[in-house]
Amino acid sequence: MGGVEEAIVRAAQFFSNDAAVVCLTGAGVSAESGVPTFRDAQTGLWSRFDAEELATPQGFERDPGLVWRWYMWRLEQVGAAAPNPGHRALAELARLCEAFLLVTQNVDDLHEQAGSADVLHLHGSLFNFRCAACAAPHHLTVEERGADSPPACGLCGDLVRPDVVWFGESLPWDAVEEAAAAAHGCDVMLVVGTSGLVYPASQLPLVARQGGAMVIDVNPEPGPISSIADIFLLGKSGEVLPALARAVRELRAEL
């Protein structure tokens, strides 16, 4: 790991106390906690359904019970997972930097469980629910989690759905704008565990680079982001990020 260790020390130098850092995380971070991606979760009973049936507004309209049962199953899967060292290292890096915004494409709550505050969820959260019609928030009960069909909204009576971004839907514009503005003004863009293929999150490292930021990519294999990154840290986030946080701490101790 010699070359990677040297690159980690080099990367740590950019995490000064007053550096503005934006971190973008993807499925790779949560995969190390055993959280399957959407595609990987389609096993067993769910393997015969495609995304159009399980994660689109049209699929929900056709068979709300099927979609509800799928998401309650996913909720149970994610609820059984725990933060890994990568999640905890990001929370530590946030405490070491005055300005640190964590932007995630993940719909789990593992960043929050690890101690990260004010996480910006670009694709929503499996733990939040809202009315499909009036968008009123809905607090799920234990009984509703075990039900075969979604509950009714307490305000308008329409069906409640997971507050996640389904295929064919737009990302929440306010979250996208906040992430883009932060990326444009940051000093460091740390990208972790994402393929860099999903728009518009894939544009954030480019926005940061155009704004003069140092782009650091952490991934077990090269990809689109590593090709434009200033520093590419090859490896699992659960191994690289704790080493990065440790290097930042050690550099601070020397000052």
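The exercises below, each with a worked solution, concern the domains, sheets and largest pocket of a predicted model.

**Exercise 1. Divide the chain into its domains, and describe how they are placed relative to each other.**

Solution. Begin with the domain assignment, which gives domain 1 (1-34 + 81-123 + 171-254) and domain 2 (36-80 + 127-164). Next, take the C-alpha centres of domain 1 and domain 2, which lie 29 Å apart. Finally, turn to the contacts, taken as heavy atoms within 4.5 Å: 8 residues of domain 1 touch 9 residues of domain 2.

**Exercise 2. Work out the strand order of the sheet of 6 strands, find its edges, and place the helices that pack on it.**

Solution. The order in this open sheet is E3-E2-E1-E7-E8-E9, with parallel pairing. Reading off the ends of that order, strand E3 (120-121) and strand E9 (231-234) each have a single partner strand, so one side of each is left without a neighbour in the sheet. For a pairing inside the sheet, consider strand E7 (residues 188-192), which runs parallel to E8 and is joined to it by 5 bridges; valine 188, for instance, has methionine 214 in E8 as its bridge partner. Then add the helices: helix H7 (residues 85-96) touches strand E1 (20-25), strand E2 (99-104) and E7, and its direction makes about 150 degrees with that of E2. Helix H13 (residues 237-254), for its part, lies across E7, E8 and E9 and runs at about 150 degrees to E7.

**Exercise 3. Carry out the corresponding analysis for the sheet of 3 strands.**

Solution. Here the open sheet has the order E5-E4-E6, and the pairing is antiparallel. Strand E5 (137-138) and strand E6 (160-164) stand at the edges with a single partner strand each, so one side of each lacks a neighbour in the sheet. Strand E4 (residues 124-131) pairs with E5 over 2 bridges, and phenylalanine 129 has histidine 138 as its bridge partner in E5. To complete the picture, helix H6 lies across E4 and E6, running at about 145 degrees to E4.

**Exercise 4. Characterise the largest pocket by its volume, its lining and the domains that contribute to it.**

Solution. The volume of the largest pocket is about 1,100 Å³. Of the 46 lining residues, Ala27, Gln105, Asn106, His123 and Val198 are the closest to its centre. Among the elements that give two or more residues to this lining are helix H6 (64-79), helix H10 (173-185) and strand E8 (214-219). Sorted by character, the lining comprises 25 nonpolar, 15 polar and 6 charged residues. As a last step, map the lining onto the domains: domain 1 and domain 2 each supply at least three residues.

Key: Residues numbered from 1 in each chain as written. Predicted model: local features only at pLDDT ≥ 70, side-chain atom pairs only at ≥ 80, totals over all residues. Heavy atoms only, no water. 1 Å grid on protein atoms, 1.4 Å probe; cavity = no way out; pocket = protein on both sides within 12 Å on 5 of 7 lines; lining within 4 Å. Points joined across faces, edges and corners; volume = space filled by probe spheres on them. Helix = DSSP H or I, 4+ residues; strand = E, 2+ residues; numbered from the N terminus. Nonpolar A, V, L, I, M, F, W, Y, C, P; charged D, E, K, R; others polar. Domains from an automatic or database assignment. Pairing = 2+ DSSP bridges. Axes fitted to C-alpha atoms, helices over the stretch in contact; angles between N-to-C directions.
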